[in-house]
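Here is a short walk through the strands, the core and a few unusual backbone spots of one protein model. Have the structure open beside you as you read.

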Amino acid sequence: VKPRYGLKIGTDGSLDVDFAQMPTEKIEELIKTIRVPIWLTKDLTVYVATTGSDTLDEKRGLSPDRPFATLQAATRFVADTYNVSAYRVTIQVAAGDYRSQNRSLVLPSYTASTGTIAIVGAGRDDVLLDNIVNRYSAHYIIRDVTIAGIVSETSYAHNLQLESGEVELFNVALNTSRFSGCTSFSHIYSNGGVCKIPATSESYPTGIHLYPQEAQPYLLRVDAGVINVSADISVETPCTVSDATVYAKSLGLFDMFTSGFPNPGRAPRFTGTVSGKRYYIVTNGIIDVHGAGPEFIPGTIPGAQSTGGQYI
């Protein structure tokens, strides 16, 4: 160890560090080598582009000219490197197709107090992502992307699956048109986590846009989890559901309600052309549309409930 940047070897062989003489970037390099998370003191942006690399060389991902190549590498880098604390890390995704065959993006757990990670695309129609899974108690925001993974040999698949934690969606498209070989699939499946589609006080677009196959079992399924909606849900392509547009079971809650935020500043709308049963609720599942009526959810067949299921 050379006696510079505040580092020197003591007479007893110990490594002494004088942080007053060490530049901030050198302190961070030292911390990284011993795998101690760096505490953020301000918001941070990490960049992803199809022209990037996932090699962890110097300052990878920290500027637009040194982006990561995949969202999986970028999220793992943030989770491994930083304590997000009370700040926001924005992972800015450039236009491009980031899908890979039969591989879902698993959102990693990260350390924070009230901070969060936001995945923000260059445009809803310009950024194509793999199916996303949240298995850990982590909070993510996803905005201005299309989730349209490719599946060929699995029996079930979902654009977004929440087994734990919380994911908020703003101006996100979910497309199941490339799910081939599946017998059970949906756009959103919450089986233990919370999916929020919130209204906002900001001016950027809210809500989600669904692009289903012509025939699929259901569009949204909540099973011991929560789907919480205060912005619009739009079914963009006509389809037929064999089970129901919204399926709730095992204490799962689908809750669609008016928010006090000005965008959209009204009751949310669930629109589109869907043939089949509007909803199906079993084993104490709940669908709460706050008095909007039994025909609020799109479909051509009245909804049904059994074994403690409730439609409110």
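V133 stands opposite Q161 in strand β14. The model is predicted, so to speak of local features a pLDDT of at least 70 is needed, side-chain atom pairs count only at pLDDT 80 or more, and totals for chains, interfaces and linings use all residues. Residues are numbered from 1 along each chain as its sequence is written, and side-chain values use heavy atoms, with hydrogens and water left out.

**Strands side by side**

Strands here are DSSP runs of E with at least two residues, helices are runs of H or I with at least four, and both are numbered from the N terminus. Two strands pair if DSSP finds at least two bridges between them. β11 (residues 132-134) runs parallel to β14 and is joined to β14 by three bridges. β14 also pairs with β17 (residues 184-190), again in the parallel sense, over six bridges; here H158 has S186 in β17 as its bridge partner. Six of the seven residues of β14 (156-162) are buried, where buried means under 20% relative accessible area, exposed over 50%, and partly exposed in between (1.4 Å probe, protein chains only).

Elsewhere, seven parallel-paired strands form an open sheet in the order β7-β10-β13-β16-β19-β22-β25. β7 (96-97) and β25 (270-271) are at its edges with a single partner strand each, so one side of each has no neighbour in the sheet. Two bridges link β22 (residues 233-235) to β25, and S234 is the bridge partner of T271 in β25.

**The core**

A nonpolar core is a set of buried Ala, Val, Leu, Ile, Met, Phe, Trp, Tyr and Cys residues joined through side-chain atoms within 4.5 Å. The largest one has 66 residues, and I188 and F254 touch the most other members. Helix α2 gives this core its largest share, six residues. In α2 (residues 71-81), eight of the eleven residues are buried, including L71, F77 and V78. Contact means heavy atoms within 4.5 Å; beyond its neighbours within four places in sequence, F254 is in contact with L220, I233, F270 and I287, among others.

**Unusual backbone spots**

Most residues other than glycine have a negative phi, and most peptide bonds are trans. Which places depart from this? The table lists three of them.

| Place | Backbone value | Loop |
|---|---|---|
| N263 to P264 | cis, omega near 20° | P264: between β24 (253-256) and β25 |
| A224 | phi near 70° | between β20 (215-223) and β21 (226-229) |
| T307 | phi near 45° | between β29 (304-305) and β30 (310-311) |

A224 is partly exposed, at 47% relative accessible area, while T307 is exposed, at 56%.
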